[in-house]
Amino acid sequence: WIMDFASLLNDKQLAAVTTKSPFVRVIAGAGSGKTRVLTYRIAYLITHDRVDPHQILAIAFTNKVAQEMSHRATELVEKVTGHSTALAIATFHAFCARFLRIEHAAIGYPANYTIYDEDDQANLVRNCAAELGYKKSDDITKSALSYIRRNKGAGRYPIDITLGPGALDDEKTCHKIYTLYESRKTASFAFDFDDLLCQTILLLENDDEIRDHWSHRFSH
């Protein structure tokens, strides 16, 4: 079966799928076929440009889209090549979790580290607040949880945060809880969801060997 991309895609979709440019940005609204473009782009690279499927990495925001892309792309490639191909298609968090399990030695964690979900995270914050003399039901625990998520979302760990002389008492308390939270979490060899992204970024930014290895592995 020969895939006729021109008959399967509109002009703009076809341009995005078949471009030779190494960097492409597709800006489109809901329902305009973004997933379709990415799916066919993967199929095009494999069937037309003869790219090794293992050198392609596709990232999606949700599990639903990742599963849909994987199913569609695998089906398309199988129709053309006649055999199934394992494709690296995942959400950001799923890929980072896999990456860290492979590169666990570089961060001093075991490969079977624990991942804390939002409930686990909230429970640990409450326990840390209690350890510092606060009640688990105190408002400061909610503030600390928001503080942790906000700073981690910006890639800031306690060591990266400088409290100036004008820092409010609540901010100082949140920072103390955050610091203890990190200590207890690390002692349990655990990551929360934000850690998966932050730790992956830190490794890729600071370890040339790891960055070069993964850049070569997924060159498309």
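This passage looks at how helix H2 packs in the predicted model and then at the surroundings of lysine 152. Residues are numbered from 1 along each chain as its sequence is written, and side-chain values use heavy atoms, without hydrogens and water. Because the model is predicted, local features need pLDDT of at least 70 and side-chain atom pairs count only at pLDDT 80 or more, while totals for chains, interfaces and linings use all residues.

A good place to start is helix H2 (residues 11–18), where helices are DSSP runs of H or I with at least four residues, numbered from the N terminus. Gln13, Ala16 and Val17 of H2 are buried (under 20% relative accessible area with a 1.4 Å probe, protein chains only). These three residues lie on the same side of H2, because they cover an arc of only 100 degrees around the axis, the arc being that of the directions from the helix axis to the C-beta atoms. On the other side of H2, Asp11 and Lys12 are exposed (over 50%).

The cover over the buried residues of H2 includes helix H1 (5–8) and H3. In the contact with H3 (heavy atoms within 4.5 Å), Gln13, Ala16, Val17 and Thr18 of H2 meet Arg36, Val37, Tyr40, Arg41 and Tyr44 of H3.

Turning to the second site, lysine 152 sits in helix H7 (residues 139–153). This lysine is buried, with a relative accessible area of 2%. Leaving aside residues up to four places away in sequence, lysine 152 touches Tyr157, Tyr178, Tyr181, Glu182, Lys185, Asp192, Asp194, Asp195 and Cys198.

Methods: Helices (H or I, at least four residues) and strands (E, at least two) are DSSP runs, numbered from the N terminus. Axes are lines fitted to C-alpha atoms, for helices over the stretch in contact, and angles run from 0 to 180 degrees between N-to-C directions.
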